Amino acid sequence: MEYKPTIGLEIHAELKTNSKMFCSCKNDPNEKRPNFNICPICSAQPGTLPVANEEAIKMVIKTGLALHCEIAEDSKFDRKNYFYPDLPKGYQISQYDKPLCKGGFLEVGGQSPSPKAPADRRRIRITRIHLEEDTGSLAHPEGSDYSLVNLNRAGVALMELVTEPDITSGREAKEFAQELQLILKYLGVSDADMEKGQMRVEVNISVSKGKTLGTKVEIKNLNSFKVVEKAVDFEIKRQTDLLEDGKKVVQETRGWHDKKEITFSQREKEEAHDYRYFPEPDLLPMHFDENYIIKIKSTMPELPEQKRERFKKEYGLDEASVEFFVNNKGLSEYFENVVSEFEEWTPEDDNHKKASKLVANYLISDVQGLLGSSEFPAQGGPAEGWKITPENFAEFIKMIYKGEISSKVAKMVLPEMFKTGGDPSNIVQENNWGQMSDDGELEKVVREVIAKNPKPVEDYKSGKQNVLQFLAGQVMAITRGTAKPDKVQEMLKKILS
C-alpha cells in the first residue's frame with residue numbers, strides 16, 4: 001500500500017478596512033514609516049479598551065456566505081495567550097469555540113464549475129472562518145545582533161480560514177489558494193496580495209498508510225502560490241522517505257527555504273491548550289439575527305464561479321478566454337462595456353456571440369501584446385487610465401466585423417488608438433487605410449503582382465493551388481491591407497484562368 005498525504009490549509013487574509021480591528025488607527029499596508037499608525041490600544045498601553053470593528057465582522061460574514069458557510073447566530077472573541085516580540089499585549093484577540101462562520105466548501109480543479117460538479121472538480125470542505133487581530137512585524141538589520149519591532153501592522157483585522165484535511169497534492173493546495181484569493185478580491189474584502197503579506201498560507205500535512213493519520217507537520221507563512229505547491233510536494237516526499245527508512249516524523253513547525261527549495265525545522269508545534277484560550281472580557285458577545293445576515297447577503301457581488309458560467313453562456317467564449325477574464329476583473333468589466341455598445345447592430349444571438357468573441361480575441365491577444373511592449377509602458381489596462389474608451393473599441397470591432405477594415409489594417413489602427421485614444425474611423429480616414437473600393441485600381445495592382453512573379457504564376461497554372469495565397473499576400477502588402485481579401489482572390493483567379 002502506498003503512502004497517502006492528508007493536507008489541510010490555514011489561510012490568513014488582512015481585511016481591507018479603513019481602520020484596525022480594535023482601534024481607530026489607519027489600516028495602511030503601504031505605510032513605510034515604522035510605528036507611525038499606532039495608538040495606546042494597538043501598542044497595548046495599560047488601561048486601554050478595545051472596540052470591535054463592525055465592518056471587519058461584516059466582511060468575514062460576507063466571505064462565509066460566498067463559501068456556503070453556516071453563519072453563527074451567536075459568536076464571541078477570545079484571548080489566545082502566547083509570547084512573541086511583535087505581539088505587544090502578550091496575547092492575541094482571536095476566536096476559539098464560536099467562530100463567525102463554520103462549514104462550507106470551495107471547489108477546485110478544472111475551469112468550469114457547474115451546479116453538478118464535473119468529475120475533475122473536487123470539493124474542499126471548510127472547517128471555520130474566524131476573525132482576529134494581526135501581529136506587528138520584525139525587521140532584522142543585516143549584520144546586527146538585534147531585531148526591530150514595527151507595530152504598524154499590529155491590530156489590523158485578520159481573517160483566518162481553516163479547511164478540512166481534504167487536499168491531496170501541492171497542485172490542489174495551490175488551486176484552493178488561488179480561487180480563494182479571487183473570491184476575496186471579487187468581494188472587495190481584501191487585496192490578498194501575497195507579496196505584501198496580505199494573504200499568507202500555512203499547510204498542515206501528514207503522510208500515512210491506511211485510515212490512521214500520520215504525524216502532522218505545519219509549514220508556516222508560504223507567500224506565493226508556486227511556493228505553496230513546491231512546499232507541499234517536498235514535504236510529502238520528505239515524510240514518505242523518513243517512513244520508508246523506518247524513521248519517525250516529528251510533530252513540528254517548519255519553514256520554507258526559497259533558495260534551497262526545502263522545508264526546515266523551526267520549533268515544536270503548539271497544541272490548542274498551550275494557548276490557554278478564554279473569553280475576551282473587554283468585548284461583549286455578538287448576536288446576529290436573520291435580518292442582519294440578509295442585509296449583508298444583499299450586497300454580494302457576482303462571484304468567479306458565477307461569472308464563468310455566465311460568460312460561457314452569454315458570450316459563447318471558450319474556457320481559456322473565460323478564465324482569462326475571470327482572473328482579470330477590470331478587463332472583464334471593460335469587455336462587457338464594449339459588448340454592450342454594439343448590441344444594436346448584432347441583435348441576433350449567433351452574431352452577437354461572434355462579435356463578442358472578436359472583442360475577446362483582440363483584448364486577450366493584441367491588447368495584451370501592446371500592454372506588455374516597451375512602446376506603451378505607462379498603460380497598465382482599463383483601470384489604470386488607458387485612453388481607449390469602450391465606445392471607440394466597439395467601433396473598432398464593428399469595422400472589422402463588417403469588413404470595413406482588414407485584420408492587417410486593424411493591427412495598424414489599434415496602436416494608434418493606444419497612443420491617442422482617437423476614434424478608429426478618423427484614424428482610418430486620416431491614414432487612408434479604408435477598404436479599396438476602386439476595382440480598376442485593384443486590378444492594376446493584381447496585374448503588377450502577376451507580372452513580377454512569373455514562377456509562382458506558372459506553378460499555379462500547373463495545378464499548385466496554394467500558390468494563390470502567396471500572390472494574394474503580395475497584393476495585400478502593396479495595398480497595405482486595404483484590399484478585400486476575398487475580392488483579391490477572386491480577381492487573381494479570373495485573370496489567371
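## Exercises on a predicted model

Strand β4 (residues 78–81) pairs with β16 in the antiparallel sense, over two bridges. The model is predicted.

**Exercise 1.** Work out the strand order of the open sheet of three strands, and find which strands are its edges.

*Solution.* Begin with the pairing of β4 and β16, which is antiparallel. One bridge can be placed by residue: D78 has P279 of β16 as its partner. Adding the remaining strand gives the order β5-β4-β16, with antiparallel pairing. β5 (91–94) and β16 (278–279) each pair on one side only, and they are the edge strands.

**Exercise 2.** Check the length of helix α3 (residues 225–244) against its expected span.

*Solution.* Take 1.5 Å a residue; the 20 residues of α3 should then span 28 Å. The end C-alpha atoms of α3 lie 29 Å apart, which agrees. Just after α3, G246 has a positive phi of about 80 degrees.

**Exercise 3.** List the buried residues of α3 and state which elements they pack against.

*Solution.* Buried in α3 are F225, V227, V228, A231, V232, E235, I236, R238, Q239 and T240. The packing partners of these buried residues include the helix α2 (170–187) and the strands β1 (4–14), β12 (199–208) and β13 (217–222). β14 (252–257) and β15 (262–268) are also among the partners.

**Exercise 4.** Identify the residues with the most contacts inside the largest nonpolar core, then trace the contacts of V201.

*Solution.* The largest nonpolar core has 61 residues, and L131, F176 and V201 have the most contacts inside it. Leaving out residues up to four places away in sequence, V201 touches L9, E10, I11, A177, M194, I219, K220, N221, L222 and V228. Apart from this core lies another, of 43 residues, including F335, Y362, I405 and V428.

How values were computed
Residues are numbered from 1 along each chain as its sequence is written. This is a predicted model: local features need pLDDT of at least 70, side-chain atom pairs count only at pLDDT 80 or more; totals for chains, interfaces and linings use all residues. Side-chain values use heavy atoms; hydrogens and water are left out. Helices (H or I, at least four residues) and strands (E, at least two) are DSSP runs, numbered from the N terminus. The expected span of a helix is 1.5 Å times one less than its number of residues. Buried means under 20% relative accessible area, exposed over 50%, partly exposed in between (1.4 Å probe, protein chains only). Contact means heavy atoms within 4.5 Å. A nonpolar core is a set of buried Ala, Val, Leu, Ile, Met, Phe, Trp, Tyr and Cys residues joined through side-chain atoms within 4.5 Å. Two strands pair if DSSP finds at least two bridges between them.
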